[in-house]
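Please look through the structure shown here. The paragraphs after it are meant for a reader who has not seen it before.

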Amino acid sequence: MGPLQSWISEHKLASIGAVWASAIGASLVAYTRAKSPLKPSLRLIHARMHAQALTLAVLSGAAVMHYYDKNRAAEESAEDAPKMKNA
């Protein structure tokens, strides 16, 4: 496991919050540079919606990662159990 992956594994909520905040910032910058005809309040609403969609994708990925980590740990402990009985 790489250092970034282990940090994300230890700081799940902080990493999800960072993704959310950067998504809002990126969306606001994109709307500002595109000379959008939208009012600033609508730009903010759209930025929030984009950030929510990205956050749901990240949360889904975190759930999948947690599931596979849990199954891998269970398989490793099941493999180690017969070895310990024979020792």
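The text below goes through the domains, the interface, the annotated regions and a salt bridge.

This is a predicted model, in which local features need pLDDT of at least 70 and side-chain atom pairs count only at pLDDT 80 or more, while totals for chains, interfaces and linings use all residues. Residues are numbered from 1 along each chain as its sequence is written, and side-chain values use heavy atoms, with hydrogens and water left out.

The domain assignment gives domain 1 (1–37) and domain 2 (39–80); such bounds come from an automatic or database assignment. Taken over C-alpha atoms, the centres of domain 1 and domain 2 are 12 Å apart.

In the interface, 12 residues of domain 1 are in contact with 14 residues of domain 2, contact meaning heavy atoms within 4.5 Å. About 1300 Å² is buried between domain 1 and domain 2, and carbon and sulfur atoms give 72% of this area. Buried area here is the accessible area (1.4 Å probe) that two parts lose on being put together, summed over both. In domain 1, the residues that lose the most area to domain 2 are Ile16, Trp20 and Tyr31, together 36% of what that side buries.

The rule finds 0 salt bridges across the interface of domain 1 and domain 2. A salt bridge is a side-chain nitrogen of Lys or Arg within 4 Å of a carboxyl oxygen of Asp or Glu. Two elements, helix H1 (3–10) and helix H2 (12–33), give two or more residues to the side of domain 1 that touches domain 2. Helices are DSSP runs (H or I, at least four residues), numbered from the N terminus. H2 supplies the largest share of that side, 8 residues.

The UniProt annotation "transmembrane region", from an unreviewed entry, covers residues 12–31 and 51–68; such annotations may be inferred rather than shown by experiment. Residues 12–31 are 100% helix, with end C-alpha atoms 29 Å apart. Residues 51–68 are 100% helix too, and their end C-alpha atoms are 26 Å apart.

Where is the 1 salt bridge that a search of the whole structure finds? The side chains of Arg72 and Asp69 meet in a salt bridge (3.3 Å, N to O). Both residues lie in helix H3 (residues 40–86), 3 residues apart, about one turn of the helix.
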